[in-house]
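Student: Could you take me through one part of this model in detail? I'd like to see how the helix in the middle of things packs, and then how the sheet is put together.

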Amino acid sequence: MKSKDALAGLSALAHEGRIQLFRMLVWAGHDGMPAGQLAEAAGAQFTTTSAQLNVLANAGLVESKRAGRSIIYTANYKAIRELFGFLLTDCCQGHPEIVKDLISLEPQPECCDDAKGETR
């Protein structure tokens, strides 16, 4: 990953609404969530949610696919791993075990109290 790609991903996450949407998608796992459901769960206008999802998609952190009349968004776990890998490259003075748990990113529903991505 290049620095400019990492900056795009981190910049996309540096917004309260976008990080909330991103966390909801991570929580949702590989099935993802429809845009309308994301907007409702976030308590935001659909147009605002759509714009925020576009920023995340342009940074490569989320993907979308059409399912009938809905657009289903999913977290892009490959891109997330690459971003974490970029941040942790050459980490820990030869002790990579310090961050090994950070590299295996899979959806962990128990991390959140609800679909809004609020941490315990």
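Tutor: Sure, let's start with a pair of helices: H3 passes H4 in a right-handed crossing. Keep in mind that this is a predicted model. H3 covers residues 35-42 and H4 covers residues 46-58, and they pack at an angle of about 110° with their axes 9 Å apart. Angles of 65 to 115 degrees count as roughly perpendicular, so that is the label for H3 and H4.

Who touches whom? On the H3 side you'll find Ala35, Gly36, Leu38 and Ala39, and they meet Phe46, Thr49 and Leu53 of H4. Sorted by character, the residues of this contact are 5 nonpolar and 2 polar, with no charged ones.

Now bring in H2, residues 16-28. Its axis comes within 9 Å of the H4 axis, and the two cross at roughly 75°. That makes H2 roughly perpendicular to H4 as well. From H2, the residues Arg18, Leu21, Phe22 and Leu25 meet Thr49, Gln52, Leu53, Val55 and Leu56 in H4. The split here is 6 nonpolar, 2 polar and 1 charged. If you're clicking through residues, stop at Thr49 and Leu53: both belong to the H4 side of the contact with H3, and both turn up again in the contact with H2.

On to the sheet. It's an open one, with 3 strands in the order E1-E3-E2 and antiparallel pairing. E1 (33-34) and E2 sit at the edges with a single partner strand each, so one side of each has no neighbour in the sheet. As a reminder, strands of a sheet pair through backbone hydrogen bonds, either parallel or antiparallel.

Take the E2 and E3 pairing: E2 spans residues 62-67, E3 spans residues 70-75, and 6 bridges hold them in the antiparallel sense. One handy place to check the register is Val62, whose bridge partner in E3 is Ala75. The two strands make a hairpin with 2 residues between them, and Gly68 in that turn has a positive phi of about 65°. On the other side of the pairing scheme, E1 is joined to E3 by 2 bridges, again antiparallel. There, Met33 stands opposite Tyr73 in E3.

To place all this in the whole chain, the secondary structure comes to 6 helices and 3 strands. Along the sequence they follow the pattern α-α-β-α-α-β-β-α-α. Of the 120 residues, 31% count as buried. As for sequence range, take the contacts with a separation of 6 or more: 56% of them are between residues 24 or more positions apart.

How values were computed. Residues numbered from 1 in each chain as written. Predicted model: local features only at pLDDT ≥ 70, side-chain atom pairs only at ≥ 80, totals over all residues. Heavy atoms only, no water. Axes fitted to C-alpha atoms, helices over the stretch in contact; angles between N-to-C directions. Helix = DSSP H or I, 4+ residues; strand = E, 2+ residues; numbered from the N terminus. Parallel < 35°, antiparallel > 145°, perpendicular 65-115°, else oblique. Left-handed = near helix turned anticlockwise from the far one by under 90°. Contact = heavy atoms within 4.5 Å. Nonpolar A, V, L, I, M, F, W, Y, C, P; charged D, E, K, R; others polar. Pairing = 2+ DSSP bridges. Buried < 20%, exposed > 50% of the residue type's maximum accessible area, 1.4 Å probe, protein only.
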